[in-house]
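Here's a quick tour of the pockets, cavities and a few local spots in this model. Have the viewer open as you go through the bullets.

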Amino acid sequence: MTDVVRFPIVYVRGFAGDTSGINAAVMDPFYGFNEGSTHVRVGPDNHPSYYQFESPLLRLHLDVGYRILVEGDQEAYLDGHDDIPPNSIWVHRFYDVSASTWGGNPQEFRLEDAAADLLRLIEKLRAKTGAPRVILVAHSMGGLVCRCLLQKILPDLNREPTDYVEKLFTYGTPHGGITFDIGFGLLEKVRDAIGISGADVFGPQRMYEYLTPESEVDPQGRPDSWSPRDMPEGGGAFPRNRVFCLVGTDPKDYEVALGLSSAAVGARSDGLVQIENAYVPGAYRAYVHRSHSGRYGLVNSEEGYQNLRRFLFGDRKVEAALVNHQLASGDGVTWQAEVQLSVRGLPIVMHEQLASHWCPIQLSAQQADDPPDGSVPLATTFLCGDLSRPPGTETMRYALHVRVLSLREHNGFLSFGDHLERTADFDDILVVDIGTADSGPGIWATWNSLIPGAISHHEPGGVPLNDEDPQSDTWVAHIPLPSTAVPILGDRSRIRLTVTPWA
């Protein structure tokens with residue numbers, strides 16, 4: 001395994017609801033981070049197949065060498081030991097003081113208190129492990145607790161967030177709050193006015209309160225232009241390029257409240273958090289067809305873990321973008337792209353944006369403020385150089401499935417006269433192999449339509465792609481699209497691969 005710096009990982013769980021929900025949450029020694037699964041949707045006819053995922057807690061222990069140090073009470077362990085390894089996992093048990101199962105008088109939960117307690121835990125971990133910072137891994141509301149720490153608690157103390165936190169990874173966090181597809185906004189107003197079980201923490205007013213430092217609070221009240229999804233930039237703000245948001249797109253498997261939650265939130269969600277509310281603009285993100293929680297949930301999924309591991313411990317960042325494309329415009333024609341990113345040896349899709357999942361990539365004609373090459377990001381992933389390859393293979397292989405679809409409108413309505421549902425105008429797979437060439441690291445890329453026979457039988461050959469930016473740490477190459485794409489995207493269209501160091 002590559003000798004790299006390790007930081008303690010702190011897991012921050014999501015919303016538990018009322019006292020009975022909190023009591024159930026505190027009964028779990030790891031607040032849900034230890035939950036695994038046995039189902040994966042890769043069987044025939046989309047039927048679930050048995051696939052044992054041990055849980056992110058155990059996988060970090062087995063794959064990356066992290067330690068779970070509890071011995072009956074993690075707080076007592078921390079207080080009783082002065083030499084604690086940094087490659088360790090801890091749980092921010094902020095709900096314990098609000099549970100009634102310990103006796104005494106439980107405290108009312110307040111998100112700002114949970115964030116302040118998180119700071120105390122981080123300070124103790126820094127002192128005991130010698131690590132300069134920690135990694136925060138959060139599910140649902142836990143991501144808001146982390147953002148409260150970064151955007152309010154630390155700034156109010158005149159401290160730099162980057163002195164305490166290395167990276168933040170969120171699973172299904174409602175960065176933009178929780179909103180509903182039904183009720184015309186009435187349900188949100190009732191929730192925020194009554195604060196049922198503390199659920200007003202997902203409304204704009206409470207979010208403004210715990211995401212805004214005292215020095216920036218507007219005396220006139222929350223500005224109309226303020227958005228909870230936005231994290232500040234520059235100065236002492238926590239950089240958004242140290243944040244990764246995993247976005248779920250499967251509402252149907254979220255079974256809370258007998259499915260009433262997913263029905264209220266709508267199809268464009270993970271069953272609780274709408275897709276557009278589940279990420280911070282400017283942060284890294286991946287879309288996976290998983291629900292907010294449950295047997296097909298985000299946290300207890302291979303998709304979630306693979307994105308988590310690569311973001312936390314990867315050594316290279318790979319970005320794929322569509323550039324120099326020239327789409328036909330006018331006559332009511334609009335365009336969408338769909339992408340899926342797969343890795344050889346894994347039974348899951350690492351990232352997928354599909355129209356059927358309500359999250360395609362919107363394509364448009366060149367605008368004045370667009371990049372000169374009209375760059376449209378398709379996918380970003382992270383590579384771990386110490387990951388083993390499947391037996392019998394010489395390279396790490398990734399597949400980027402790209403589909404381009406046209407939609408036509410007539411008098412403001414979609415026209416289905418010559419429409420073929422889910423039939424793409426362009427559909428191909430870019431197969432990328434990463435290995436070793438005579439001169440060093442080598443990257444080969446070819447389109448599936450140009451590969452004779454099965455992809456599994458394909459072996460990369462010839463000269464690897466040239467680095468078009470050899471004077472820097474950035475590796476860049478432009479791959480022409482196959483001839484079938486030229487009538488749709490133009491003869492200058494390319495897939496740009498950019499590889500940069502990541503730590």
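Helices here are DSSP runs of H or I with at least four residues, strands are E runs of at least two, and both are numbered from the N terminus. On that basis, Leu157 falls in the loop between α5 (141-156) and β7 (165-171). Keep in mind that this is a predicted model.

**The loop spot**

- Leu157 counts as partly exposed because its relative accessible area is 43%, and partly exposed covers what lies between under 20% (buried) and over 50% (exposed).
- Pro213 sits 56 residues away from Leu157 along the chain, yet their C-alpha atoms are 9.6 Å apart.

**The largest pocket**

- Start with the volume: the largest pocket comes out at about 1,200 Å³.
- Its lining runs to 45 residues, and the ones nearest the centre are Arg285, Gln353, Ile361, Gln362 and Pro377.
- Six strands put two or more residues each into that lining: β9 (284-288), β10 (316-323), β12 (349-353), β13 (361-363), β14 (376-383) and β20 (494-501).
- Of these, β14 is the top contributor to the largest pocket, giving five residues.
- If you're thinking about chemistry, the lining of the largest pocket splits by class into 21 nonpolar, 15 polar and nine charged residues.

**The second largest pocket**

- Next in line is a pocket of about 940 Å³.
- It has 33 lining residues, with Phe15, Tyr254, Val256, Ser261 and Leu272 closest to the centre.
- Two helices, α6 (186-194) and α8 (260-265), each hand at least two residues to the lining of the second largest pocket.
- Class by class, the lining of the second largest pocket has 19 nonpolar, ten polar and four charged residues.

**Closed cavities**

- Set the cut-off at 30 Å³ or more and you get two cavities in the structure.
- The largest cavity has a volume of about 180 Å³.
- Around it are 18 lining residues, and those closest to its centre are Val318, Leu341, Thr381, Tyr398 and Leu497.
- At least two lining residues of the largest cavity come from each of β10, β14, β15 (396-410), β17 (426-437) and β20.
- Strand β14 turns up again here, with the largest share of the cavity lining at four residues.
- The lining of the largest cavity breaks down as 15 nonpolar residues, two polar and one charged.

**Arg496 and its surroundings**

- Arg496 belongs to strand β20, a strand that also gives two or more residues to the lining of the largest pocket.
- The side chains of Arg496 and Ser375 make a polar contact at 3.1 Å.
- Beyond its neighbours within four places in sequence, Arg496 touches Glu319, Ala320, Ala321, Val323, Asp373, Ser375, Val476, Ala477 and His478.

**Helix α9**

- Residues 302-313 form α9, a twelve-residue helix that spans 16 Å from first to last C-alpha, close to the 16 Å expected at 1.5 Å a residue.
- Is α9 buried or exposed? Twelve of its twelve residues are buried.
- That buried set includes charged residues such as Glu302, Glu303, Arg309 and Arg310, along with Tyr305, Leu308, Phe311, Leu312 and Phe313.
- In general, an α-helix has 3.6 residues a turn, so residues three or four places apart point the same way.

Key. Residues are numbered from 1 along each chain as its sequence is written. This is a predicted model: local features need pLDDT of at least 70, side-chain atom pairs count only at pLDDT 80 or more; totals for chains, interfaces and linings use all residues. Side-chain values use heavy atoms; hydrogens and water are left out. On a 1 Å grid over the protein atoms alone, a cavity is a set of points where a 1.4 Å probe fits but cannot get out, and a pocket is an open set with protein on both sides within 12 Å along at least five of seven lines; lining residues have an atom within 4 Å of a point. Grid points are joined across faces, edges and corners, and a volume is the space filled by probe spheres set on the points. A polar contact is a pair of N or O atoms within 3.5 Å; within protein, one must be able to donate a hydrogen and the other to accept it, and residues adjacent in sequence count only if both atoms are side-chain atoms. Contact means heavy atoms within 4.5 Å. The expected span of a helix is 1.5 Å times one less than its number of residues. Buried means under 20% relative accessible area, exposed over 50%, partly exposed in between (1.4 Å probe, protein chains only).
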